[in-house]
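Subject: Structure for you to look over

Dear colleague,

Here is the structure that I promised to hand over, and my notes on what was found in it follow directly below. Please read them with the structure open beside you.

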Amino acid sequence: MKKDKTHIHWYPGHIAKAERKLKEQLTLVDAVIEVLDARLPLSSCYEDITRLLGQKPRLILLNKADLTNKQELSKFIKLLEDKTGCPVIPTDAKNSKDLKSIVNKAVEMSEPRIQAIMAKGLLRRPARVMVVGMPNVGKSSIINKLTRSSKTKIGAKAGVTRQQQWVRINPQLELLDTPGIIPMKQEDQIKARKLAFVNAISENAYSNEIVAQELLDVLDERQAKAFREYYKLPEDKELNIDNISLERNWLLTGGSTDRERTSVYILRDFREGKIGKFILDTINYSE
Ligand SMILES: Nc1nc2c(ncn2[C@@H]2O[C@H](COP(=O)(O)OP(=O)(O)OP(=O)(O)O)[C@@H](O)[C@H]2O)c(=O)[nH]1
Ligand SMILES: [Mg+2]
């Protein structure tokens, strides 16, 4: 079957396996830390996982908050707290100061289950908390920062963590790092695109050129100035891959624009926050 390059799609096989593994561990943990990408406070929530988690106490982290505007993010924090009834904390995994409160919160959330275990005559044990979320949101980075180590593998692409891994944070807390999971099916292509923008889905699922141009289009409406300034693109030139390629001199032998290379750079610059701070979701107050 010929791949339709404009459509973002992926295969659910390994997702089903990861979900099964997650479900198996769920009975063993006292609480869950759900990590979202702060640039997508709504679209990086995986509703099926939330359903799977059931009544487990849950702490929500809006990670990569350093890549967003704090004031705008605070509106989403309030919305998520109201919607889920869970505490919501913005974090930057590169900054350990931001992460201190997580440890206390995770231990506190686990205490009722540990008390129940002790009531049955068993000895006190460390709190066991599972860290879940979509790929590339920073789950492993948070764990590494908390342990001041490189115990878990991290990387700027989706699907770096392949297996679950327990990490001891301190005598009171153990965290379970898990592979990122995306929804089995993504019928909502707008959401799929947003996930591609922040690198939460594998590059095999989409064309860099199409996604980079869509990113330019989405941000053109809101923040084109930042792009223009970053790529030194004059006002009279349309914000597109070819013009950025020409401006930057990213050309193929023969002089035509190197669209693939330019697209990869645009996506990378956006993902690393070089172009500016953005939140790509919007709050619909009429809902
Ligand atoms: N700017 C910024 N970058 C971050 C932050 N947290 C993680 N990163 C970067 O995001 C990328 C992904 O981080 P990981 O910790 O590997 O993400 P993950 O959620 O474990 O990803 P998977 O294992 O693929 O599910 C890395 O390049 C990190 O350096 C953050 O708070 N701010
Ligand atoms: Mg990981």
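Helix α4 (residues 96-119) and helix α5 (residues 139-147) have axes that come within 10 Å and cross at roughly 90°, where axes are lines fitted to C-alpha atoms, for helices over the stretch in contact, and angles run from 0 to 180 degrees between N-to-C directions. That angle makes α4 roughly perpendicular to α5, on a scale in which angles under 35 degrees count as roughly parallel, over 145 as roughly antiparallel, 65 to 115 as roughly perpendicular and the rest as oblique. Ser-96, Leu-99 and Val-103 of α4 make the contact with Ile-142, Lys-145 and Leu-146 of α5, two residues being in contact if their C-beta atoms, placed from the backbone, lie within 7 Å. By class this contact has four nonpolar, one polar and one charged residues; Ala, Val, Leu, Ile, Met, Phe, Trp, Tyr, Cys and Pro count as nonpolar, Asp, Glu, Lys and Arg as charged, and the others, Gly among them, as polar.

Please keep in mind that this is a predicted model, in which local features need pLDDT of at least 70 and side-chain atom pairs count only at pLDDT 80 or more, while totals for chains, interfaces and linings use all residues. Residues are numbered from 1 along each chain as its sequence is written, and chains are lettered from A and ligands numbered from 1 in the order in which they are written. Helices (H or I, at least four residues) and strands (E, at least two) are DSSP runs, numbered from the N terminus.

Helix α5 also leads to the ligand, since it contributes three residues, the largest share, to the shell around ligand 1. That shell holds 25 residues, the closest being Ala-93, Gly-138, Ser-141, Thr-161 and Gly-180, and a residue is taken as near a molecule or strand if its C-beta atom, placed from the backbone, lies within 6 Å of it. Sorted by class, the shell has nine nonpolar, eleven polar and five charged residues.

Turning to the sheet, six strands form an open arrangement in the order β3-β2-β1-β4-β6-β5, with mixed pairing; two strands pair if DSSP finds at least two bridges between them. The edges are held by β3 (88-90) and β5 (165-170), each of which has a single partner strand, so one side of each is left without a neighbour in the sheet. From one strand to the next the twist averages 25°. Strands β1 (residues 31-37) and β2 (residues 58-63) run parallel and are joined by six bridges, and Leu-36 stands opposite Leu-62 in β2. Across β2 and β3 lies helix α3 (residues 70-84), which runs at about 160° to β3.

Which strand is largely enclosed by the rest of the structure? Strand β6 (residues 173-177) is, because five of its five residues are buried, a residue being buried if 20 or more other C-beta atoms lie within 10 Å of its own, exposed if 12 or fewer, and partly exposed in between, with C-beta atoms placed from the backbone. Leu-173, Leu-175 and Asp-177 point one way from β6, whereas Glu-174 and Leu-176 point the other way. Strand β4 (residues 127-133) pairs with β6 in the parallel sense over five bridges, with Glu-174 as the bridge partner of Arg-128. The pairing of β5 with β6 is antiparallel, again over five bridges, and there Asp-177 is the bridge partner of Gln-165. A hairpin through two residues joins β5 to β6.

Two loop residues deserve a look for their backbone angles. Most residues other than glycine have a negative phi. Lys-64, in the loop between β2 and α3, has a positive phi near 65°, and Lys-64 is buried, with 26 other C-beta atoms within 10 Å. Asn-136, in the loop between β4 and α5, has a positive phi near 70° and is likewise buried, with 27 other C-beta atoms within 10 Å.

Finally, the axes of helix α7 (residues 208-231) and helix α8 (residues 241-248) come within 10 Å and cross at roughly 55°, which makes α7 oblique to α8. Glu-209, Ala-212, Gln-213 and Tyr-231 in α7 meet Ile-241, Ile-244, Glu-247 and Arg-248 in α8, and the residues of this contact divide into four nonpolar, one polar and three charged.

With best wishes
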